[in-house]
Amino acid sequence: MSGTGPGEAMAHETFDTILVLDFGSQYTHLITRRLRELNIFSEMLPCTQKIAELKFKPKGIILSGGPYSVYEEGSPHVDPAVFDLNVPILGICYGMQELAYRIGTDNVIAGTHREYGHSNLKAQSVNGHVDRLFEGLEDSMRVWMSHGDKLAKLPEGFHTVATSDNSEYAAIAHGEKLIYGLQFHPEVTHTQNGTALLKNFAVGICHCNQNWTMERFMEEKIADIRRTVGEKGQVLAAVSGGVDSTVAAKLMKEAIGDRFWAVLVNNGVMRLNECEQVQRDLSEALGINLTVIDGAKEFLDGLKGVEDPEKKRKFIGGKFIDFFEAEAIKIEEAAAKDPNRAGKIEFFMQGTLYPDVIESLSFKGPSATIKTHHNVGGLPARMTNGQGLKLIEPLRSLYKDEVRALGRALGIREELVMRHPFPGPGIAVRILGEVTEEKVNIARQADHIFISEIRKAGLYDQISQAYAAVDPSRAVGVMGDKRVYGYIIILRAVTTTDYMTAEAFNFPWDVLQRIMNRIVNEVHGVCRVVYDITSKPPGTIEME
């Protein structure tokens, strides 16, 4: 994301930027998150990024940790041009070892004692003063270590600014240049004062302005969209009613008004009253041009006999494109006949978020395919290959929590801003096995009860995602003194900050009992309710 795509260069022109170069650490994205939380714009690129290809000059650079050993053949190394930018540099774990190894290949060795977990760090005074990296922090604090290699000696020109029980050189600083190295990870919550240390680097040393706010971003992005689309251009988008597409749609509405067109396809596997609710939220409350297409019968007919999760997803994604493309042609033809809406539909808006960008740009490359993601914004190449619609991604720079903050800045009500994610294939991936109309109705009713009771208990905003799923097997039960053979409902609720890992939500027992009672009494065909406590990993958040 080095300046490509509509508006991406704008962020760097407006906001001071810390560049994080990724060596494959599981913690790298946390560095960017911590800086964003400090209202400092930061973005991540792979460590192999060629500095000559950057379209901006960062105020500072952070080299992340990584799972490799710098002295092994094939290990990743940073572009030497990084050191010609004359900006402050902070190396973390592998990043520090990379700094030392570049000065002398014998500076880094395998440690005799690996150091994983908490460690006690002691800042060292130089001429009676602690280094500016530790300014205002305690002289002794607990930090998080995760390394096997260590420095064998100080690199030439550096001095020690902190030590730990197992690391004589836990933090080092260059005597003349603004180059620093940390053996520990300040970005993880386990490190005491870690965020304050990153602030010392970004603000105190790099002199970054803390002006990355959603109000400021909103103003700049609206202006950028207007520049990109022009005075007569029109934008088309598929929406789902989720927070990402809702915020993106409202942003586009603020930027170009009625020249923005939204389409919602009813795929037959939406939640209870979902389409009607989205119609009210987007069209009536937010004033967005919304067209709702009813394709429920075609989707459900096509899903008959399909049990494989990937086949479900691919069918729904492909059928969605067929409906959307046909509607796009209708809108284009109607708009062409309206003199008040002169201007061709040239752009397609997609709700890509920054975590999607990070995964595709990581040094380790895209992760293994766990499941196919069918974002409602997916379009075939024929529509976005330069001869069709041009892609515009207004949320591309943002994390999920930043999208929510942007929604608030746009005046979207809190209930919509905090809405849980809903998958593109909808309830179809919450019905294990074949999707039938009967199971869809059962899943809808059970899910509605589950979410309603969660809201009633005041727990909705404490949970990141929750839903009810239908197990294809049946179980024996006793209802009204009679033997019944009914479906099993699986309840799932998780907490997460990044959706890469997740933990099951710890419900009060009385709430679960109340939910169970309502489902078995109100949803015909169900005789049992179970709660899934599996974390991610090994499970996924969705069932399929």
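In the predicted model, helices α6 and α12 are oblique to each other, because their axes cross at roughly 45 degrees, an angle that belongs to neither the parallel, the antiparallel nor the perpendicular class. The two axes come within 10 Å. Helix α6 covers residues 243-256, and α6 passes α12 in a left-handed crossing. On the α6 side the residues of the contact are V243, D244, V247 and L251, and on the α12 side they are K400, V403, R404, L406 and G407. By class, five residues of this contact are nonpolar, one is polar and three are charged.

Helix α12, residues 400-409, also packs against helix α5, residues 214-229. Here the axes come within 9 Å and cross at roughly 75 degrees. The helices α5 and α12 are therefore roughly perpendicular to each other, since the range for that class runs from 65 to 115 degrees. From α5, the residues M214, E215, F217 and M218 meet E402, A405, L406 and A409 of α12. This contact of α5 with α12 consists of six nonpolar and two charged residues, with no polar residue. L406 of α12 is listed in the contact with α5 and also in the contact with α6.

A further helix pair is formed by α14, residues 437-456, and α15, residues 509-522. The axes of α14 and α15 come within 10 Å and cross at roughly 150 degrees. This angle makes α14 roughly antiparallel to α15, because angles over 145 degrees fall in that class. The crossing of α14 and α15 is right-handed. Helix α14 contributes Q445, A446, I449, F450, S452 and E453 to the contact, and α15 contributes R514, I515, R518, I519 and E522. Sorted by class, the contact of α14 with α15 has five nonpolar, two polar and four charged residues.

Among individual residues, N266 is found in strand β13, which spans residues 260-266. The relative accessibility of N266 is 16%, so N266 counts as buried, the limit being under 20%. A polar atom of the N266 side chain lies 3.0 Å from the backbone nitrogen of G268. With residues up to four places away in sequence not counted, N266 touches C275, I293, D294, G295, A296 and F299. Two of these contact residues, A296 and F299, have numbers within the range of helix α8, residues 296-302.

K297 also has its place in helix α8. In contrast to the buried N266, K297 counts as exposed because its relative accessibility is 58%, and the limit for that class is over 50%. The C-alpha atoms of K297 and N267 are 8.1 Å apart in space, with the two residues 30 positions apart in sequence.

F134 is placed in the loop between β7, residues 129-130, and β8, residues 140-151. At 2% relative accessibility, F134 counts as buried. Neighbours within four places in sequence left aside, F134 is in contact with L121, A123, M141, V161, A162, A171, L182, F184, L197 and N200. One of these, M141, has a number within the range of strand β8; two others, L197 and N200, have numbers within the range of helix α4, residues 194-205. The C-alpha atoms of F134 and L491 are separated by 47 Å, and these residues are 357 residues apart along the chain.

Positive phi values occur at two loop residues that are not glycine, N86 and H207. For N86, phi is near 55 degrees. N86 lies in the loop between β3, residues 60-63, and β4, residues 89-92, and counts as exposed at 71% relative accessibility. For H207, phi is about 60 degrees. H207 has its place in the loop between α4 and α5, and counts as exposed at 53% relative accessibility.

Two cis peptide bonds involve P537. The bond from K536 to P537 is cis, with omega near -15 degrees, and the bond from P537 to P538 is cis, with omega near 10 degrees. P537 is in the segment after β20, residues 526-531, and P538 lies in that segment as well.

Conventions:
Residues are numbered from 1 along each chain as its sequence is written. This is a predicted model: local features need pLDDT of at least 70, side-chain atom pairs count only at pLDDT 80 or more; totals for chains, interfaces and linings use all residues. Side-chain values use heavy atoms; hydrogens and water are left out. Helices (H or I, at least four residues) and strands (E, at least two) are DSSP runs, numbered from the N terminus. Buried means under 20% relative accessible area, exposed over 50%, partly exposed in between (1.4 Å probe, protein chains only). A polar contact is a pair of N or O atoms within 3.5 Å; within protein, one must be able to donate a hydrogen and the other to accept it, and residues adjacent in sequence count only if both atoms are side-chain atoms. Contact means heavy atoms within 4.5 Å. Axes are lines fitted to C-alpha atoms, for helices over the stretch in contact, and angles run from 0 to 180 degrees between N-to-C directions. Angles under 35 degrees count as roughly parallel, over 145 as roughly antiparallel, 65 to 115 as roughly perpendicular and the rest as oblique. A crossing is left-handed if the near helix is turned anticlockwise from the far one by less than a right angle, and right-handed if clockwise. Ala, Val, Leu, Ile, Met, Phe, Trp, Tyr, Cys and Pro count as nonpolar, Asp, Glu, Lys and Arg as charged, and the others, Gly among them, as polar.
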